[in-house]
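Hi,

Here is the structure I promised to pass on. Have a look at it first, and my notes come after.

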Amino acid sequence: MKIYEFFKISLLPKIFNLTLIKYFLVGLFNTAVSFGIFSLLYFLGLHYFIVSMVNMVIGVGISYYNHRRFTFSIKGDFLEKFTPIALAYYLATNILLYCGDIMGFNIYITYLFILLPVSVINYFVLKIYVFK
């Protein structure tokens, strides 16, 4: 029996929302990749604005494809709605990274703290606006 079939016939759907679980799994993967790329490129000496831009391009590709196909299981092209949201997150992330930097916070920890609220907000934006 596949995991998805087991999930459908168990009591778990009444307790957990399957879409939320899928979002969490995709987000966990995307966050791990994002933080890995961020850490490596920043460690190599690139400025966090550049690192964040590279992350955005890679993250948009990973996130868009996986959320469209796996999380929300929707066919079609939603890139027109998805891209401006990603750009808004890019700007917000860089503003917060800049604030953390001028306040003397560790940039890696600052980035991790930014990822959590952005992920929560992103779930609702994707569900309500992008992939509705």
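Below are some notes on a pocket and on a helix pair.

This is a predicted model, in which local features need pLDDT of at least 70 and side-chain atom pairs count only at pLDDT 80 or more, while totals for chains, interfaces and linings use all residues. Numbering starts from 1 along each chain as its sequence is written, and side-chain values use heavy atoms, with hydrogens and water left out.

The largest pocket (on a 1 Å grid over the protein atoms alone, an open set of points where a 1.4 Å probe fits, with protein on both sides within 12 Å along at least five of seven lines) has a volume of about 790 Å³. Of its 33 lining residues (an atom within 4 Å of a point), Asn 30, Leu 115, Val 118, Ser 119 and Asn 122 are the closest to the centre. The lining divides into 21 nonpolar residues, 12 polar and no charged. Helices α3 (18–43), α4 (48–71), α5 (79–102) and α6 (107–130) each supply at least two lining residues, and α6 gives the most, with 12.

Two of those helices also pack together: α5 and α6 meet at an angle of about 155 degrees (on a scale from 0 to 180 between N-to-C directions), their axes 10 Å apart. That makes the pair roughly antiparallel (over 145 degrees). Their contact (heavy atoms within 4.5 Å) includes Phe 82, Ile 85 and Tyr 89 of α5 and Ile 114, Val 118 and Asn 122 of α6. The contact residues divide into 14 nonpolar, 4 polar and 2 charged.

Happy modelling!

Note on methods:
Points joined across faces, edges and corners; volume = space filled by probe spheres on them. Helix = DSSP H or I, 4+ residues; strand = E, 2+ residues; numbered from the N terminus. Nonpolar A, V, L, I, M, F, W, Y, C, P; charged D, E, K, R; others polar. Parallel < 35°, antiparallel > 145°, perpendicular 65-115°, else oblique.
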